[in-house]
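Let's walk through this one together, going from a sheet to a single side chain.

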Amino acid sequence: MTRSVGVFEGLSFKQAVATLVIALTLGLVAGAWDLMADYRRMRQEVTDATTANLALVRGLAVEAAFLLSADLAGEVANGLMQDPVVAEVRLVDNFGDVLGRKERPGAETAFPELAQWLFGDFTSHSLLLKSDQKGTSLDVGRLDLRLDPGRLMSRYISHIASTAAAGAARTVLLCLLVVAVFYVLITKPLLKISAAIGKVDPERPGDFLIAMPPRHQRDELGLLASTVNALLDQTQRGLRARDAAEAELAALARDLEQRVVERTAELAQEKEVVERANMELEKASRFISDGIRYASRIQTALLPDPATLSGSMMDFAVGWHPFEIVGGDYYWAGKFGDKTVVTVMDCTGHGVPGAFMTAVVSSILARVLHHHQHEDPAAILALLNTLVKSALRQDRADAPANDGLDAAICVVDHGRRILSFAGANQPLLIWSKGEMKLVQGDRCSLGYCDSPAELALTRHDFDIAEGDTFYLYTDGLVDQMGGPSQRLFGRRRLLEALSGVADLPLEQQKEKLFALLAEWRGGQALRDDTTFVAFRPRL
């Protein structure tokens with residue numbers, strides 16, 4: 001069905017609008033240039049005319065001033081007032097007395113400020129009157145003349161209006177001529193081609209070829225008609241090929257139906273086999289899941305009870321999120337007299353293997369703290385390294401595996417108000433006096449085959465002030481991918497996030513941090529086990 005094109009949607013109207021916009025733009029630019037030139041020319045003409053008029057009456061004005069004649073002064077003023085742009089003429093003698101003065105009211109204009117801005121700088125003119133007596137030049141008076149900016153503005157606006165009217169007439173005439181030519185050369189032939197296309201029968205397009213527009217055989221319209229005709233011809237050929245293909249497809253469909261019936265019977269038998277296998281897999285999956293969930297309860301039991309961490313000597317907040325149901329991250333906190341030990345560990349792997357590692361490390365840590373050392377964090381880590389290597393048989397050349405951990409330990413001496421820290425590939429963050437400080441641990445891991453048996457770690461001691469807060473975390477926290485560019489969350493963002501909430505209660509800090517991490521990840525899952533421990537000693 002052929003759709004008619006409205007007047008305001010046609011090419012002729014769009015061409016007219018485009019031509020009018022271009023013509024108006026060029027006209028405005030040219031008009032602005034002409035207005036500036038006319039303005040300068042008018043200023044020059046008025047200045048020249050005023051100078052000439054003053055020169056013309058100079059002799060009579062000198063005589064009037066010399067004779068102190070009010071009548072002659074009045075004739076001078078009346079003569080100069082013949083110029084319609086003159087607002088005031090005044091002739092004074094050399095004593096300052098006014099001999100003659102003429103004045104007319106200023107013309108009203110809609111743009112008084114603009115008139116003053118354009119013409120106010122040259123409206124005042126003055127001529128010093130001198131008389132030559134016996135070779136001596138004497139000052140006899142002064143002739144003052146003031147022009148009216150309003151009348152100058154009116155004259156300028158009248159000139160602008162006539163110039164703009166002529167330009168608008170030229171622009172409209174040009175648009176009409178361009179539109180007429182465009183319609184005859186392009187729009188009318190296009191309408192004929194469009195009407196011919198609308199008559200094409202979709203079932204027999206090859207029988208409705210487009211007639212070539214007269215005098216357009218070699219231009220774009222002729223090319224359009226030829227292209228449409230070629231398309232119609234190819235479409236007709238395609239329809240014939242389609243009919244042949246449909247016949248072949250019908251025969252093929254009958255053959256396929258028979259094959260489908262046979263294959264359906266085979267699939268029914270295979271389905272029974274698959275269903276039995278699925279039932280066995282579901283049974284095995286439930287068995288494994290139940291085992292992992294039970295392992296999760298055991299691993300959770302190895303961790304300290306969060307409710308018992310905060311007490312009279314310390315505020316605690318813990319975020320522990322394994323990558324799977326169980327994980328390889330481990331944290332612990334406990335009191336030994338007036339000292340509190342806080343540790344965070346990241347064992348090899350995650351899931352079930354990582355959970356086994358945390359069980360081994362938990363047992364060894366308890367042994368170290370209760371039977372060997374609980375005051376020096378560097379010594380605790382060194383013993384932990386030795387005992388893990390021994391427990392996993394990784395202290396000999398034929399070690400069956402190569403597993404270990406990264407760890408950070410803080411010992412808080414409440415009596416001396418000192419915190420001691422040692423780390424193996426894990427840092428400590430300290431919020432104190434409005435600033436966040438990063439304390440790096442030693443660049444080494446614990447328990448691996450290549451970990452030195454006699455490992456010496458660095459101990460860092462810090463005085464504790466009221467309100468100081470300390471943070472330990474595993475690398476899963478900063479290795480989360482996300483954000484608009486899919487980058488790591490990173491340590492810099494962690495420091496900025498904690499600095500912004502460091503004055504809040506620790507639980508609120510933890511909630512805001514993990515909410516920010518969830519927003520950063522978007523819909524992505526965790527990449528690793530994540531552990532975060534914050535504590536604030538009470539002084």
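What follows is a short tour of one sheet and one residue. Keep in mind that this is a predicted model.

Start with the sheet. It is an open one of 5 strands, and reading across you meet β5-β16-β13-β10-β11, with antiparallel pairing. Which strands stand at the edges? Those are β5 (314-321) and β11 (435-439). Each of these has a single partner strand, so one side of each is left without a neighbour in the sheet. Going from one strand to the next, the twist averages 15°.

Now look at the β11 end of the order. Strands of a sheet pair through backbone hydrogen bonds, either parallel or antiparallel. Here β10 (residues 428-432) pairs with β11 in the antiparallel sense, over 5 bridges. If you want a spot to find by eye, Trp-431 stands opposite Met-436 in β11.

The sheet also has a helix packed on it: α11, residues 506-521. This helix touches β5, β13 (469-473) and β16 (530-537), and its direction makes about 25° with that of β5.

Next, zoom in on Thr-343, which lies in strand β7 (residues 339-347). Is Thr-343 buried or exposed? Its relative accessible area is 1%, and buried means under 20%, so Thr-343 counts as buried.

What is Thr-343 in contact with, leaving aside neighbours within four places in sequence? You'll find Tyr-330, Tyr-331, Trp-332, Leu-365, Ala-408 and Ile-409. Ala-408 deserves a second look: its backbone oxygen lies 3.1 Å from a polar atom of the Thr-343 side chain.

Definitions and conventions: Residues are numbered from 1 along each chain as its sequence is written. This is a predicted model: local features need pLDDT of at least 70, side-chain atom pairs count only at pLDDT 80 or more; totals for chains, interfaces and linings use all residues. Side-chain values use heavy atoms; hydrogens and water are left out. Two strands pair if DSSP finds at least two bridges between them. Helices (H or I, at least four residues) and strands (E, at least two) are DSSP runs, numbered from the N terminus. Axes are lines fitted to C-alpha atoms, for helices over the stretch in contact, and angles run from 0 to 180 degrees between N-to-C directions. Contact means heavy atoms within 4.5 Å. Buried means under 20% relative accessible area, exposed over 50%, partly exposed in between (1.4 Å probe, protein chains only). A polar contact is a pair of N or O atoms within 3.5 Å; within protein, one must be able to donate a hydrogen and the other to accept it, and residues adjacent in sequence count only if both atoms are side-chain atoms.
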